[in-house]
Each structure stands twice: as C-alpha cells, then as structure tokens.
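Work through these exercises with the sequence and the 3D structure open. Each task is followed by a worked solution.

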Amino acid sequence: MKYLLVLVLSVSLQSLDLTIPKQPAAVIPEKEFFFNWGDYYEPPTKAQQITFWTLNVLDVYLTHDIMKQNFTYERNPLLPSKPRLEELILHKAILIPLLSKHSSKRYMTGLNVILTYTVIHNYELYN
C-alpha cells in the first residue's frame, strides 16, 4: 500500500509543472526633469496649451506693432532691442514647442500668468 501511494504521488508530481512563468518587464515611467516641480508629473491640459499658444501669438503681434512705432525696446534678453518680425517668430517657434512639451501643469499655469501680464503690458504700450 505504501508503495502504491509513493507511485501515485511521484506520477502526479512529475505531471505538475512547477516552473515560474515568464513575467513581463516592469514599466517604470521616466521622470521629467526639464521643468518639473516635484516628483509628480501631471501634463498640462489642452486648455492650458491653447491659452499658452494664443498668448504667445498675441505677444508677437503686439510686440511687432509696438516696435514699428519706434518708441520702445524689447526687454527679452534673448532678443535684440529692436527685433524684426522674423526674429520674433523664430524665437517663439523654438521656445513654444519646447516649453509646451516639457512642462508640467503647475509650470504651464505660471507661464500663462506671466504671458498674460506681458500681453496686458504690451497692450497698454500699444494704446
């Protein structure tokens, strides 16, 4: 009887597959270090990005019109004191996609606030 029990257990153990199945690789999301404030990266909303692009277009338009009147100068240190329209567009074409792609929701809020004040200031100079 005990030999029969050993035979039954050995047959059942041989048919039992105890190998560990292959696990998929763990996906660890990359941290954004470019403009991230803190450990949690929440991308900007679509409304924030539309506002950001709209404010930049208004900034270029008003800055160009103000520069045509020749009574002020550009305060942006990355641009010359009297930038041409091509320089303004090139400046924005390089910086806007870079900032909108690599920024978090909090940083985009800060950028939109700063750009709003810039557009308001340019509008006051324009009038």
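**Exercise 1. The fold**

In what order do the elements of the protein chain run from the N terminus on?

Solution. The order is α-α-α-α. The count is four helices and zero strands. Helices (H or I, at least four residues) and strands (E, at least two) are DSSP runs, numbered from the N terminus. The model is predicted: local features need pLDDT of at least 70, side-chain atom pairs count only at pLDDT 80 or more, and totals for chains, interfaces and linings use all residues. Residues are numbered from 1 along each chain as its sequence is written, and side-chain values use heavy atoms, with hydrogens and water left out.

Next, take the contacts (heavy atoms within 4.5 Å). Of those in the protein chain with a separation of 6 or more, 71% join residues 24 or more positions apart.

**Exercise 2. The nonpolar core**

Find which residues make up the largest nonpolar core, and which helix gives the most to this core.

Solution. Start with burial. Buried means under 20% relative accessible area, exposed over 50%, partly exposed in between (1.4 Å probe, protein chains only). Of the 127 residues in the protein chain, 26% are buried.

Then join them up. A nonpolar core is a set of buried Ala, Val, Leu, Ile, Met, Phe, Trp, Tyr and Cys residues joined through side-chain atoms within 4.5 Å. The largest one has ten residues: Phe52, Leu55, Leu62, Ile96, Leu99, Tyr107, Met108, Leu111, Leu115 and Val119. Helix 2, helix 3 and helix 4 each give two or more residues to this core. Helix 4 gives the most, with five.

Finally, look at one member. Beyond its neighbours within four places in sequence, Leu55 contacts Asn112, Leu115, Thr116 and Val119.

**Exercise 3. Salt bridges**

How many salt bridges does the structure hold? Examine three pairs: Lys92 with Asp59, Glu42 with Lys105, and Lys68 with Asp65.

Solution. There are four salt bridges (a side-chain nitrogen of Lys or Arg within 4 Å of a carboxyl oxygen of Asp or Glu).

- Step 1. Lys92 and Asp59 have their closest N and O atoms 2.9 Å apart. The pair links distant parts of the chain, with Lys92 in helix 3 and Asp59 in helix 2, 33 residues apart. Lys92 is buried at 14% relative accessible area. Asp59 is buried too, at 10%.
- Step 2. Glu42 and Lys105 meet at 3.6 Å, N to O. This pair also links distant parts of the chain: Glu42 is in the loop between helix 1 (2-15) and helix 2, Lys105 is in helix 4, and 63 residues separate them. Glu42 is partly exposed at 33%. Lys105 is partly exposed at 31%.
- Step 3. Lys68 and Asp65 meet at 3.4 Å, N to O. Both lie in helix 2, three residues apart, about one turn of the helix. Lys68 is exposed at 54%, whereas Asp65 is buried at 9%.

**Exercise 4. The largest pocket**

Which residues lie nearest the centre of the largest pocket?

Solution. Fix the term. On a 1 Å grid over the protein atoms alone, probed at 1.4 Å, a pocket is an open set of points with protein on both sides within 12 Å along at least five of seven lines; lining residues have an atom within 4 Å of a point.

Now read the lining. It has 27 residues, with Asp59, Glu74, Asn76, Lys92 and Thr118 nearest the centre. Helix 2 (46-69), helix 3 (85-101) and helix 4 (105-126) each give two or more residues to the lining. Two of the central residues, Lys92 and Asp59, are the salt-bridge pair of Step 1.
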